[in-house]
Amino acid sequence: MDKLSLHGKATVANPPTTEEMATLRPTLITGGKVPADVTRDICAPMDRSPTALWWGAFSVAFTALVVGTVAVTYQIAMGIGTWGLNRTVGWAFDITNFVFWVGIGHAGTLISAVLFLFRQKWRTSVNRSAEAMTLIAVVCAGLFPVIHMGRPWLAFWMAPYPNTRGSLWVNFKSPLLWDVFAISTYLLVSAVFWYVGLIPDLATIRDRAKPGWRKQLATIFSLGWNGSTRTWSRYETVYMLLAGLATPLVFSVHTIVSMDFATAVIPGWHTTIFPPYFVAGAIFSGLAMVLTLMLIARKVMQLEDYITLLHVETMCKLMLSMGCIVGLAYGTEFFIAAFSGNPYEQFLFFNRALGPFSWAYWTMVACNVIIPQVLWFRPLRRNLAIVFVISVVVNIGMWFERFVIIVTSLHRDFLPSSWSDYTPTIVELTTLVGSFGLFFTCFLIFARFAPVIAMAEVKGVLENAPRSLDHDSAPGDAA
Amino acid sequence: MSKHSTEHSCLLATFGHEDDLLDATKAARRQGYSIVDIFTPYAVHGLDRAMGLRPSRLTWVCFICGMTGALGMLFFEYWIGALAWAIDVGGKPWNSLPSTVPVAFEAAVFLAAFGSVFALFAVARLFPGKEAYPLIERVTDDHFVLVLDEVDARFDVSQVERLLQPFNLLGLEERVIATGGSR
């Protein structure tokens, strides 16, 4: 770089040619975009009035939310007896939905934090919406244990605070309490991570918006961001720190969720494989949900240049690898049950695969292990219709995984006299529908009013703005 | 430079590409010009070092907050479990450490994350509703602005222009700005 002043020209020593760059690193953002295009393209959906398609989707989602709200109101008024639970199957739909939604959230943190630490630049196109998905999914998840309490207005009893009952403190040795801390920390840290990432983009919106309510809101929430490098430098440090904190956090959350089960002496739950098994399953289902949402968003919001086939393919590969880990876990569970010599474990897994809920078990295996194997083939990974179908199938499969783990482990008790069956009631089914309604209502609102792609991050990875090699390869450049 | 908080006569040089800005910054610094600040639409990697900024010390805030969270929660759990509300579970020890780890970890992450973010807001003086006056209209869109301090009478604008012209300079403007508050 010292040649600069000699030549008096802004050139880099041996700059890579465009062809070399393309070989080194495939194009992330297509369409030859420059930073101004990014601002315009991403802000465009916010400037337009909502389309008929958006209103259609919103009405469906909102109707589902209303149905769910009615169901929840009814069950709180009448009591948890409106569910299909019984003394043997004490957890079923509600906790299935809880674990399902927590799991959905995990891919958002994987994309925003873990892939950030691994310097995966493709994440910039999807991280904003994946993080929004995380936030909404964790809210959906958090509702279920609160509903399950039966008296949700006493939810604050979960917090350790001095009270007039003793003080009667919470039990810090219970995984259920660990869960309270894990989920609430996860929600708050994800929210702050998402918001910090949003600040520069809010400043962009502020500066281009016409005077009005949108400009005022953007002014309030962009905190006076002006693009100063002094601030950027600190901001990058904090963003890196948040990624470094969110990474172990996301693994801890589903580990703790799995401990809700693993610390109970129930055959099928009481296994040490649960934490990694649950974390892999969570990321698997979350990636499937990201793909479902992204494939719709790129089409509806014309973001094909930002979320390219490369992004879809990369997420498919991640999903496939997670699916294989999940498949390995299913196999390991059976092997350990057979190998353990424990008759209760052996019976449980025999019953899981061939008993009354075998249909749920084989749905799970088909959806999570067998069908995703088509993603080994490149032409199929690049076929958006197939990828979309698989992403939905995996979501269904992962919901069934939690259902299988919970219900098949419980319904055949140690005492055959306690054996029972389980059928969900209409209240439980509509509550599940309602949680999807809440999820999609919130996501559609997000897609309307916030930049769905992190503009300030995408501008930094544009192909026509290549960084010269010496800055790119310098150690610690993100700090 | 952050100790300045008075009004300064500054020279604003605008660029349209991050590489131009980076090279111009290095050239200006090599010539001994005092860089007040640089405004960019996105984080340009390597710019902080080109500008001569020290690495941020916010990592220490994060570490201290995290340790406070972990140790505080460990103590709180020990106090509750072994002293204030000791529950005998099958004769297991009240002060068992492993069961306190998950919540202490969550508390560490929580405090470290919020501590670092609020420290960032404090040192960068970011707060809700703060009015931002972008120096150049498009600085949050696609333009890059290098702000040089017109320190003394020896500062020669035409000389600076000659220096920066090879880096595809888009515009040069003299302006009096209040430094310090705008960071």
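In what pattern do helices and strands follow one another along the sequence of chain B? Read from start to end, the order is β-α-β-α-α-α-β-α-β. Keep in mind as you look around that this is a predicted model.

**Figure 1. Chain B on its own, a chain of helices and strands.** Welcome to chain B, where you can pick out five helices and four strands. They run along the sequence in the pattern β-α-β-α-α-α-β-α-β. The radius of gyration is 25 Å, well over the 16 Å that the globule rule gives for 183 residues, so chain B is more spread out than a compact globule. Along the principal axes, the C-alpha atoms of chain B fill a box of roughly 85 × 30 × 30 Å. Among the 183 residues of chain B, 45% count as buried. Take the contacts in chain B with a separation of 6 or more: 81% of them join residues 24 or more positions apart.

**Figure 2. The side of chain B that touches chain A.** Here the two chains meet, with 68 residues of chain B in contact with 68 residues of chain A. Which elements of chain B give two or more residues to this side? They are α1 (18-30), β2 (35-39), α2 (47-51), α3 (58-84) and α4 (101-123) of chain B. The largest share, 14 residues, comes from α4(B). Sorted by class, the residues on this side of chain B divide into 39 nonpolar, 14 polar and 15 charged.

**Figure 3. Chain A on its own, a chain of helices without strands.** Turn now to chain A, whose secondary structure comes to 18 helices and zero strands. A compact globule of 479 residues would have a radius of gyration near 23 Å, and the 24 Å of chain A agrees with that. The C-alpha trace of chain A spans about 90 × 50 × 50 Å along its principal axes. Buried residues make up 47% of the 479 residues in chain A. Of the contacts in chain A with a separation of 6 or more, 83% are between residues 24 or more positions apart.

**Figure 4. Helices α6 and α16 of chain A, side by side.** This view brings together α6 (residues 127-148) and α16 (residues 426-449) of chain A, whose axes come within 10 Å and cross at roughly 150 degrees. Are the two helices roughly parallel or roughly antiparallel? With that crossing angle, α6(A) and α16(A) are roughly antiparallel to each other. The crossing of α6(A) past α16(A) is right-handed. From α6(A), look for A:A132, A:M133, A:I136, A:A137, A:C140 and A:L143, which meet A:S435, A:L438, A:F439, A:C442, A:F443 and A:F446 in α16(A). Counted by class, this contact has eleven nonpolar residues, one polar residue and no charged residues.

**Figure 5. Helices α5 and α9 of chain A, packed together.** In this pair, α5 (residues 93-117) and α9 (residues 229-262) of chain A pack at an angle of about 155 degrees, with their axes 9 Å apart. That angle makes α5(A) roughly antiparallel to α9(A). The crossing of α5(A) past α9(A) is left-handed. Among the residues of α5(A) to find here are A:V99, A:G103, A:H106 and A:L110. On the α9(A) side, the contact includes A:A243, A:G244, A:T247 and A:H254. By class, the contact of α5(A) with α9(A) has twelve nonpolar, six polar and no charged residues.

**Figure 6. A close look at A:P35.** You will find A:P35 in helix α3 (residues 35-47) of chain A. Is A:P35 buried or exposed? With 25 C-beta neighbours inside 10 Å, A:P35 counts as buried. Leaving aside neighbours within four places in sequence, A:P35 is in contact with A:K459 and A:L462 of its own chain, and with B:P41, B:D141 and B:D142 of chain B. For a longer view, try A:G90: it is 55 residues from A:P35 along the chain, and their C-alpha atoms are separated by 55 Å.

**Figure 7. A close look at A:Q216.** Our last stop is A:Q216, found in helix α8 (residues 213-221) of chain A. A:Q216 has 13 other C-beta atoms within 10 Å and is partly exposed. How far apart in space are A:Q216 and A:S258? They are 42 residues apart in sequence, and 44 Å separates them, C-alpha to C-alpha.

Notes:
Residues numbered from 1 in each chain as written. Chains lettered and ligands numbered in written order. Predicted model: local features only at pLDDT ≥ 70, side-chain atom pairs only at ≥ 80, totals over all residues. Rg over C-alpha atoms; globule rule 2.2 N^0.38 Å. Buried ≥ 20, exposed ≤ 12 C-beta atoms within 10 Å, placed from the backbone. Contact = placed C-beta atoms within 7 Å. Nonpolar A, V, L, I, M, F, W, Y, C, P; charged D, E, K, R; others polar. Axes fitted to C-alpha atoms, helices over the stretch in contact; angles between N-to-C directions. Parallel < 35°, antiparallel > 145°, perpendicular 65-115°, else oblique. Left-handed = near helix turned anticlockwise from the far one by under 90°.
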